[in-house]
Structures are given as C-alpha cells and as structure tokens.
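Hi,

Here is the structure I promised to send over. Have a look at it first, and my notes on it are underneath.

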Amino acid sequence: MKSKIVITAAPTGPIATTKDNPALPTQPDEIAAAATKAYEAGAAVVHVHLRDENERPTADLKIAERTMGLIREQSPILIQLSTGVGLDTPFEDREKLVELKPRMATLNPCSMSFGVGEFRNPPAGVRRLAARMQALGVKAELEIYDMGHIPVCLSLFEEGLLAEPLQFSIVMGVKGGMAATADNLLFAVRQLPSNAIWQAIVIGRPHFELTTVALALGGNARTGMEDTLYLRKGELAPNNESLVSRLAGAAKTLEKTIATVEEAELEFALGVASR
Ligand code: KMH
Ligand code: ZN
C-alpha cells in the first residue's frame, strides 16, 4: 500500500463564482496567492482554471501566462493547467493552453453531459491534444467521469499517445458522470493498470469522506473550491488552504506521508520542461 501521497489543490474550477463563496480566487493574483498557501499547507500540485475579469472561464493565453508567472514567483508548486477550461470554451481554444508548457495538464477523454451543459471532447481533438502534450513533455492527467472512459484512455496508451506511468483522476459527483460512491470508486480503481497512479476527485457533499476513502485505498488526493465550497454542511470554506490542511490532517491520521514537490515530480515521471 502506498504510504506517500500527493495532494493537488484545485482552488477555482469553472463553475462556482464569488456569489457562491466570496473567498473563491478568480483573478491571477488571487489564484497565485491561493496556490502558495496551498503549497504551504501540503499541496505539491495546483490544478489551475483561469477566469476573465468577469469571472467567466477562459483559455486566454495572456491570463494563463500571467497566472503561471505569478505562481512560479511565489513557490515551487507544480502547475497543472486544466484543458477542461469551461463548458462554453471551444476545444480548439482549450488545447492551445498546453503550448505554455505547464508541467502537467488535464486530458478529458470523452464528450458527456455535464450538469445542464455539454462537455465536448471529440475523439480526433483528444488524440491531437494527447500527441501535442507528449511532444511538449506535458504530463497528462486522465479525467475519468464514467467507467467507459478508462478503456478509451488505455486505447490512447496503446496508440502511443500517453507515457507511463498513466495518471488517472476518478471524478465522481458530476451530473452526467458516475455518482460519488465508494462502490464506484472501487470498481473504477480495479480497472486501472496495476502501475497506474490515481486520485479521486469528489464533487459536492461527500467530498471529504470519499476523498479520505481514496487515500486509505492507496490513492492520491485532491481538494479545493473547485470540488467543494464547504468545509462542512452549512459552513463555507474560508479559503482553499483550510481544505488542503484538513486533507493533510486526514492523510497524517492514516499514517501517510505527504509528498514534496520533488517526490511528486519523481512519482509522475515529469519531463524537464521549465517549471
Ligand atoms: N472539473 C472537474 C469535474 C479539468 O479541469 O480538466 C474535473 C476537472 C477536469 O478538474
Ligand atoms: Zn478542473
């Protein structure tokens, strides 16, 4: 059983606004400050979504560059750009983000309903993006929202579009994907190759308890306001670092050690692209 775990902080996401939680970081300086505090609380990776000045999800390369620059100035935390971006952003704009060479980026393998919206990930675009990420040395995190997404990723690997170790997120709780249950988590993890790295992304109310189940099962863990706006029922999270600290506390209770940035780089076999 894995004893060292990587914590990823997801401070913003594409959906919530400051109306939902006034502490949500949306602007480049706010996202960078949240990343730094998350690093200090134990996160080795920050999963970054960008917003414009009106808080709308964006794939604007200038905003991305500015955000990445500010994060890098403040801490060594590994930057994982979301190529999911937001439901209204065309795939062709989303894929350009990897040209900025973050150390890691998400790869969403399939199209699906996503709440009341549509998440468009056409097979040809996914293959083009996977190939480009590999050429640029950007490590793919494979987002699994339903069981059928796993064999699609394994096909991408067989086609030479992904490098080992494969890194999966089992995403639960999105309407249109699998529900957030321990049964679904276990079933999904059993389908992964034995040398795969994985974490749970649990959206909504069971966020903390099911993320902790994933930790106990040997997964990595992600938390942040992208996944839950609340510390507990009725209590909004005052910031992202409180969510990271709580998760780090659960990991320590389970006698896991928390990976440093250097240890995470080794686990994910990251390329030597500049931070
Ligand atoms: N928003 C989560 C449901 C991405 O940004 O590419 C999954 C996610 C994927 O974080
Ligand atoms: Zn995301």
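Below is what turned up around the ligand and in the interior. Keep in mind that this is a predicted model.

Let's start with ligand 1. The space it takes is the largest pocket. Around ligand 1 there are 14 residues, and the closest are H49, S82, T106, N108 and E226. By type, that shell splits into five nonpolar, six polar and three charged residues.

A few polar contacts are worth pulling up on your screen. H47 has a polar side-chain atom 3.0 Å from an oxygen atom of ligand 1. From R222, a side-chain N or O atom sits 3.1 Å from an oxygen atom of the ligand. G84 uses its backbone instead: one of its backbone N or O atoms is 3.3 Å from an oxygen atom of ligand 1. As for cover, ligand 1 taken alone exposes 300 Å², and the protein buries 96% of that.

Now the cavity side of things. How many cavities of 30 Å³ or more does a search of the whole structure find? Just one, with a volume of about 40 Å³. Its lining is made up of V6, T8, E141, Q167, I197, W198, Q199, N220 and F268. Strand β10, residues 197-202, gives the most to that lining, with three residues. Sorted by type, the cavity lining has four nonpolar residues, four polar ones and one charged.

If you open the model, you could begin with H47, G84 and R222, whose contacts to oxygen atoms of ligand 1 are described above.

Cheers

How values were computed
Residues numbered from 1 in each chain as written. Chains lettered and ligands numbered in written order. Predicted model: local features only at pLDDT ≥ 70, side-chain atom pairs only at ≥ 80, totals over all residues. Heavy atoms only, no water. 1 Å grid on protein atoms, 1.4 Å probe; cavity = no way out; pocket = protein on both sides within 12 Å on 5 of 7 lines; lining within 4 Å. Points joined across faces, edges and corners; volume = space filled by probe spheres on them. Helix = DSSP H or I, 4+ residues; strand = E, 2+ residues; numbered from the N terminus. Nonpolar A, V, L, I, M, F, W, Y, C, P; charged D, E, K, R; others polar. Near = heavy atom within 4 Å. Polar contact = N/O pair within 3.5 Å; in protein donor to acceptor, adjacent residues only side chain to side chain. Areas by Shrake-Rupley, 256 points an atom, 1.4 Å probe, with all protein chains shown as cover. Sits in = over half its atoms within 2 Å of the grid points.
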